[in-house]
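Colleague: Hi! Could you walk me through this structure? I'd like to start with one serine and work outwards.

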Amino acid sequence: MEKWAAPPPLAVAIAVAAIVVAGVVAGHCGGRIPTTLDGPFEPVTSPLDGAGFRGLAVDLPDLDPRVRRWAVGFEPEQISVSLSSTEDSVWISWVTGDSQIGQCIKPLDPTSVASVVRYGRLRRPLIHKAVGYSLVYNQLYPFEGLRNYTSGIIHHVRLTDLYLTNGTGTDCYHCTFKKTTPIHESYQTRWDDWARFMEPLISEVPIMVVEGNHEIEEQVGSKIFEAYSSRFAFPSYESGSFSTFYYSYNAGGIHFIMLGAYTSYNRTGEQYKWLERDLANVDRTVTPWLIATWHPPWYSTYRSHYKEAECMRVEMEELLYFHGVDIVFSGHVHAYERSNRVYNYTLDPCGPVYITIGDGGNRENMATSHADDPGNCPEPLSTHDKHLGGFCATNFISGPAAGKFCWTHQPDYSAYRESSFGHGILEVINDTHALWTWHRNQDVYNSAGDMIYIVRQPNECPLKPISLRPKAIDSLTSL
Ligand SMILES: [Fe+2]
């Protein structure tokens with residue numbers, strides 16, 4: 001690919017939450033914008049917006065021009081930008097060649113097309129050249145009636161470094177079918193459709209992703225997360241994780257930590273050990289903000305996925321709290337919610353603000369009911385998700401949540417919740433103030449659904465010594 005690439009823009013997109021790092025405060029109509037210093041806030045539930053309610057997202061048809069393949073031959077398409085671990089390096093990803101789908105597929109040779117990016121600060125001349133690696137992946141369905149898939153050639157090039165890997169296969173694949181109902185997200189051409197649809201944005205604004213349950217996509221041989229791990233570029237080597245499931249990077253005064261909820265998070269596991277190392281190396285004079293992201297929320301009050309990720313919280317919350325994580329973004333629950341600062345279900349001025357922003361739109365419909373609504377509390381055993389590696393619903397036996405698997409009213413840790421599809425923007429003003437704005441999609445940008453300054457207090461909330469951490473809990477089930 002010969003493509004000019006601009007210097008890394010100061011913008012980062014995480015899943016459905018767009019996080020824009022800028023030095024300008026957005027305009028605000030009405031009264032003073034509240035700050036977290038005004039909190040903790042009395043819990044608020046916004047009623048459903050009857051006029052603008054759009055509870056069900058619908059897939060674009062295959063022939064929609066925004067998802068159709070327009071590239072000819074081996075022209076690059078599905079171009080995207082991702083950040084490396086530091087601001088002076090980016091990954092460029094794209095696809096050449098067409099995917100194949102059917103009972104008999106023959107993967108393309110990934111080495112048949114070079115992975116080259118020429119780039120510079122000026123469009124002419126493009127004085128720099130970077131060479132990366134290419135791969136194809138196959139999705140072989142163990143389900144009767146589904147057609148196998150092999151991707152086009154996926155290229156990943158880091159503009160300031162060079163990696164070369166092999167990934168090839170030329171067999172014609174057949175499968176032994178099971179009579180099992182597949183999960184819908186295993187229809188792989190949707191990935192190509194999505195990448196074409198997103199290209200106008202993510203070829204300009206870097207996208208950073210972390211895995212969720214819809215990316216598991218189990219196939220023959222118990223392979224999982226193949227599309228996820230193949231299609232995106234991750235600063236895994238640069239951040240020392242060597243995993244596509246968890247990694248970190250810096251951008252705009254923020255150290256971002258992306259954590260995997262669907263891989264081992266136990267204190268004896270690789271991810272936890274990496275997280276300890278990564279957190280220990282954060283220089284808050286360079287990146288005063290510390291933001292963590294993973295898929296299933298810890299502090300959500302919606303009935304949907306209620307307390308699913310409790311085992312992960314039990315394992316990792318103290319480590320993140322002790323290192324002064326400022327904000328946590330999660331998805332999974334198809335609605336919006338912002339917490340008060342909280343730690344271990346206790347309001348804490350030094351705890352993170354938890355933001356659930358799984359409201360990007362989903363044909364599984366919106367989450368509208370809360371676990372604290374009368375008669376809505378789920379049976380604890382029913383909240384178990386086998387992919388999340390444990391069942392910890394019985395942990396609510398001490399502290400302020402004692403005996404409260406479900407609360408009888410909106411919990412005090414929940415500051416604001418609203419069932420609407422939307423998206424958010426985080427503007428980092430300086431080392432202590434950031435403006436968080438959540439927009440309902442139906443409002444476009446005419447008004448904000450939620451707006452608050454998140455204020456760090458490094459003097460009032462000094463980092464806690466690691467020696468205070470309690471020992472690992474042995475009773476948790478290993479993933
Ligand atoms: Fe999910």
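Modeller: Happy to. Ser186 counts as partly exposed, because 19 C-beta neighbours lie inside 10 Å. Keep in mind that this is a predicted model.

Colleague: Where is Ser186 found?

Modeller: Ser186 sits in the loop between strand S12 (153-158) and H1.

Colleague: And what is Ser186 in contact with, leaving aside its neighbours within four places in sequence?

Modeller: Ser186 is in contact with Gln139, Tyr141 and Glu217. Ser186 and Leu140 are 46 residues apart in sequence, and their C-alpha atoms are 9.7 Å apart in space.

Colleague: Okay, on to H1. How far apart are its end C-alpha atoms?

Modeller: They are 19 Å apart in helix H1 (residues 189-202). The 14 residues should span 20 Å at 1.5 Å a residue, so the two values agree.

Colleague: Where does the kink in H1 lie?

Modeller: The kink lies at Arg196, shortly before the proline Pro200, and comes to about 30 degrees. Arg196 is also one of the buried residues of H1, alongside Trp191, Asp192, Asp193, Ala195 and Ile202.

Colleague: Let's try another helix. Which residues of H3 are buried?

Modeller: In helix H3 (residues 270-280) they are Gln271, Trp274, Leu275 and Leu279. Looking down the axis of H3, these buried residues fall within an arc of 130 degrees, so they line one face of the helix. An α-helix has 3.6 residues a turn, so residues three or four places apart point the same way.

Colleague: What do the buried residues of H3 pack against, and what does the face turned away from them carry?

Modeller: The buried residues of H3 pack against H4. The face turned away carries the exposed residues Lys273, Arg277 and Ala280.

Colleague: Speaking of packing, how many residues are in the largest nonpolar core?

Modeller: That core has 92 residues, and those with the most contacts inside it are Ile92, Met258, Ala261, Ile291 and Ala292. Its largest share, 6 residues, comes from helix H4 (residues 310-322). In soluble globular proteins, nonpolar side chains tend to be buried together.

Colleague: Pick one of those. What does Ile291 touch?

Modeller: Not counting residues up to four places away in sequence, Ile291 touches Ile254, Phe256, Asp326, Ile327 and Phe329.

Colleague: Changing topic: any backbone geometry I should look at?

Modeller: Let's start with the usual pattern. Most residues other than glycine have a negative phi, and most peptide bonds are trans. Here the peptide bond from Gly39 to Pro40 is cis, with omega near 5 degrees, and Pro40 lies in the loop between strand S2 (17-20) and strand S3 (44-45). Another cis peptide bond joins Arg124 and Pro125, where omega is about -5 degrees. Pro125 is in the loop between strand S7 (116-119) and strand S8 (128-131).

Colleague: What about phi? Is Ser222 buried or exposed?

Modeller: Ser222 has a positive phi, near 60 degrees. It counts as exposed because it has 7 C-beta neighbours inside 10 Å. Ser222 is in the loop between strand S13 (207-208) and helix H2 (226-231).

Colleague: And His332, buried or exposed?

Modeller: His332 is buried, because 24 other C-beta atoms lie within 10 Å. Its phi is positive too, about 75 degrees, and it belongs to the loop between strand S17 (327-330) and strand S18 (336-339).

Colleague: Now strands. How many bridges join S23 to S24?

Modeller: 7 bridges join strand S23 to strand S24 (residues 433-440), and the two run antiparallel. A hairpin connects S23 to S24 through 4 residues. In that pair, His423 stands opposite His439 in S24.

Colleague: Which residues are on the covered face of S23?

Modeller: In S23 (residues 422-428), Gly422, Gly424, Leu426 and Val428 make up the covered face, while His423, Ile425 and Glu427 are on the uncovered one. In a regular strand the side chains alternate between the two faces of the sheet.

Colleague: What order do the strands have in the open sheet of 3?

Modeller: The order is S6-S11-S10, with antiparallel pairing. Strand S6 (100-102) and strand S10 (138-139) are the edge strands. S10 is joined to strand S11 (residues 148-150) by 2 bridges, and Asn138 stands opposite Thr150 in S11.

Colleague: Last one: what does the whole protein look like in numbers?

Modeller: The secondary structure comes to 4 helices and 25 strands. Buried residues make up 43% of the 479 residues.

Terms used: Residues are numbered from 1 along each chain as its sequence is written. This is a predicted model: local features need pLDDT of at least 70, side-chain atom pairs count only at pLDDT 80 or more; totals for chains, interfaces and linings use all residues. A residue is buried if 20 or more other C-beta atoms lie within 10 Å of its own, exposed if 12 or fewer, and partly exposed in between; C-beta atoms are placed from the backbone. The expected span of a helix is 1.5 Å times one less than its number of residues. The bend at a residue is the angle between axes fitted to the seven residues ending there and the seven starting there. A nonpolar core is a set of buried Ala, Val, Leu, Ile, Met, Phe, Trp, Tyr and Cys residues joined through C-beta atoms within 7 Å. Two residues are in contact if their C-beta atoms, placed from the backbone, lie within 7 Å. Two strands pair if DSSP finds at least two bridges between them. The arc is that of the directions from the helix axis to the C-beta atoms.
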